[in-house]
Amino acid sequence: MNVDLPLVFMGLMALAILLYVLLDGFDLGIGMLMPAATRDEQELMVASIGPFWDANETWLVLGVGVLLAAFPAAHGIVLGALYLPVAAMLSGLMLRGVAFELRIKAVGWHRELWNWLFWFGSFLATFAQGWMLGRYVTGFESGFSFWVFSLLCAASLCGTYVLIGAAWLILKTEGELRRKALLWARWGLLWSGLALLLVSIATPLVSARVFARWFDFPRTFGLMLLPAMALAAWTLVWRSTGRLVRARNPRGDWAPLAGAAAIFLIAFLGLAYSLFPYVVIDRLTIWEAAAHPSSLRIVLGGFLVVLPFLIAYTAYAHRVFGGKVRGPLY
Amino acid sequence: MTDPDLLVLARAQFGLNIGFHILFPALTIGLAWLLLFFRLRYAGTGDAKWIAIYRLWVKIFALSFAMGVVSGITMSFQFGTNWPGYMLRVGNIAGPLLTFEVLFAFFLEATFLGVMLFGTDRVSAGFHVAATALVAVGTTLSAFWILALNSWMQTPAGFTFEDGQLIAANWVDVVFNPSFPFRFSHMMNASGLTAAFAVAGLSAWRLLRAPQDDAALRACRTGLWVAAVLAPLQVVLGDLHGLNTLEHQPAKIAAMEGHWETRSGAPLVLLAIPDEAARANRYALEIPRAGSVVLKHDPDAVVQGLSDFAPDIPPVAPVFFAFRVMVGTGLLMVAVAWAGAWATRRGRMPSRRLLWIMTAMSISGWVATIAGWLVTEIGRQPWLVTGLLRTADAIGDVPGHYLGASFAGYVFVYAVMLLAYLVVLVHLAGKGVDPGSAAVPRVSQ
């Protein structure tokens, strides 16, 4: 078998991480939007992600699982360098997950406390993920500009998750909450647009490697297709939300979500292009970090067996719980 | 900070996390099968009480599952943050087994749990039963892969070296390594017992407050009957597991039994205080020759002591005491399960005293499980992977104050989570079956 296994696993890991940020992204975004909603709206927001969030979070475990199985040498370096933000993210995810279950069962001030922890956990996890991204892209370098850059990444991920969370709500809710979600989506869009722009400008400035990869004429002209596509997707979301706000007979509630997903995808591709073929920038390529072929082959076999079923029953779950949410969970 | 301190801190943090995590799978694996039983009884009899019991316990299941998921995610990261040397050395074996757990089990559980919880009025009854069954299968598969990895670390097999890299020679031997069948059946049974005692005990708590609650009595009886079968079975499985450990990890058995010196006709040490400095037991209460009988089934057989394995021996006192807690709790479980099953025969109501005892025993499965894991995990020290990798060689270079700060954070988060979990558990169980709980979201297609 003459397949470049490390490359295949790079792709699988990228797929898992992309699906994680898309799917858990809207869960976390909704968590961060909680304080902006009334009590009844909060119930609907939580109900809209109730059947999915467990499975959504599982993509993160798969992503780190592939990192550990396919690139064991990188696993220790990356997670060791990101020790504190990883701990913060995990604490956030724990609080969010437990608050999700407990807020439904609590009454009175307990419920308010768990609502607050639900928001706080979502925010902490998102912030830590953005921070980790900033540290990772810059090869874990220390220094003032690198910290500012990480802060910028953390802030932009918050905005982007809010955007996709609001886009999910547009698809899943109706009436007043949907109208609010349209406005939230536009705020998230402005925020994430500005942040993505800043991150795109800052990344080549803080990383000579990224600069060299992007500003390599004439390749640069071809690469400018990515920002152009990002701008197109951004405009699509802006216009579709604007149209939906004005429309009397709402149709096309899926458009903002599709546009937001496209923004994620494009940003992700740009990032992947900046990093490839390194799994730890300037230190380890995917081939250097890869596990033994015997291990990669058996994991790939597992993927090939499971993936069709996984896609089938995930699609099934989304079909069963498709449509607008009309009532609270329990 | 010196290296031994770092090692202790890294181990304490990982041990805290893994000890917290195991509480939830220990319950959910067994509870998933009990839920399938409740669901099937409803399908078979059409008696609304069964579905009411199902609805109460599926909520507790969902909460426990979520706690297990979030603490499990933490573990998957801590392999890298706390033990980078582990993945470097045995990543070729550990990586695939962990990935298989996610691929084959985790998604299955997480997806169909949604259907189980919220799908009652959206899927057919047959499919709802199937979703319940798939979640039970998923939890069991999850345990299968994790225990395959844990057992491989205890009794490595099926590997070889190529260019200095440890790789799998035969995956069937890796998965079905010598201790795996014993550990897997012992743990599955432990989970069944944990769930059975939790269901019986929390239902008994409900009966103390509302003796007329028929559904609670029925759930209580189910738990007791399951426990009455599984508890004695666990004694047999535990004995077989012990004999397997004697063959492959004799130092662990010596620590469990408190045998310091090799001798024939070794006593069975019932209680003592092991003194690591003096390498002897203080205040020992012993049965002469019984140790040889238990371990070798021969009163004159030679039993190896810790001195044969020094310096590679585990800390004796924690292993010794944890083992006694596990066995003691296990024997108590047999007694309570049988007494309870007898007292509730043909739907009779047990005495209030027995109900209180059962309530107290709700957590017995957790106590025994934690004690058992302490025995097996501390008992394999100083090895992380027996004979291949020492725990001290797997630690990374994370600064001590990072470990300390995050440790404090984890302790705080876990304490909040555990307290909230127990409060909700007792509250839900005490409230009993709420007819309003049948509501599920109504959504247009």
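# Helix packing and core: worked exercises

**Exercise 1.** In this predicted model, find how helix α6 (residues 180–209) of chain B packs against helix α12 (residues 364–379) of chain B, and say which residues meet.

*Solution.* Start with the geometry: the two helices pack at an angle of about 155 degrees, and their axes are 7 Å apart. Angles over 145 degrees count as roughly antiparallel, which makes α6(B) roughly antiparallel to α12(B). Next, look at the residues. From α6(B) come B:Ala190, B:Leu193, B:Thr194, B:Phe197 and B:Ala198, and they meet B:Ser364, B:Gly365, B:Trp366, B:Ala368, B:Thr369 and B:Gly372 of α12(B). Finally, sort the residues of this contact by class: six are nonpolar, five are polar and none is charged.

**Exercise 2.** Now cross between the chains: work out the relative direction of α5 (residues 83–105) of chain A and α13 (residues 400–431) of chain B, and describe their contact.

*Solution.* The angle here is about 10 degrees, with the axes 11 Å apart. Since angles under 35 degrees count as roughly parallel, α5(A) and α13(B) are roughly parallel to each other. On the α5(A) side, the contact includes A:Tyr83, A:Leu84, A:Met94, A:Val98 and A:Lys105. Among their partners in α13(B) are B:Tyr402, B:Gly409, B:Met417 and B:Leu428. By class, this contact has 13 nonpolar, three polar and one charged residues.

**Exercise 3.** Which residues have the most contacts inside the largest nonpolar core, and which helix gives the most to this core?

*Solution.* The largest nonpolar core has 262 residues, and those with the most contacts inside it are A:Ala70, A:Val98, A:Ala166, B:Trp57 and B:Ala227. Helix α3 (residues 84–118) of chain B gives the most to this core, with 22 residues. Take A:Ala166 as a case to inspect: leaving out residues up to four places away in sequence, A:Ala166 touches A:Gly29, A:Leu33, A:Ala181, A:Trp184, A:Ala185 and A:Gly188.

**Exercise 4.** Judge how compact chain A is for its length, and then describe its burial and contacts.

*Solution.* Begin with the make-up of the chain: chain A has 14 helices and two strands. Its radius of gyration is 20 Å, close to the 20 Å that the globule rule gives for 330 residues, so chain A is as compact as a globular protein of that length. Along the principal axes, its C-alpha atoms fill a box of roughly 55 × 40 × 40 Å. For burial, 52% of the 330 residues in chain A are buried. Last, consider contacts in chain A between residues at least 6 apart in sequence: 76% of them join residues at least 24 apart.

Technical notes: Residues are numbered from 1 along each chain as its sequence is written. Chains are lettered from A and ligands numbered from 1 in the order in which they are written. This is a predicted model: local features need pLDDT of at least 70, side-chain atom pairs count only at pLDDT 80 or more; totals for chains, interfaces and linings use all residues. Axes are lines fitted to C-alpha atoms, for helices over the stretch in contact, and angles run from 0 to 180 degrees between N-to-C directions. Helices (H or I, at least four residues) and strands (E, at least two) are DSSP runs, numbered from the N terminus. Angles under 35 degrees count as roughly parallel, over 145 as roughly antiparallel, 65 to 115 as roughly perpendicular and the rest as oblique. Two residues are in contact if their C-beta atoms, placed from the backbone, lie within 7 Å. Ala, Val, Leu, Ile, Met, Phe, Trp, Tyr, Cys and Pro count as nonpolar, Asp, Glu, Lys and Arg as charged, and the others, Gly among them, as polar. The radius of gyration is taken over C-alpha atoms; the globule rule is 2.2 Å times the number of residues to the power 0.38. A residue is buried if 20 or more other C-beta atoms lie within 10 Å of its own, exposed if 12 or fewer, and partly exposed in between; C-beta atoms are placed from the backbone. A nonpolar core is a set of buried Ala, Val, Leu, Ile, Met, Phe, Trp, Tyr and Cys residues joined through C-beta atoms within 7 Å.
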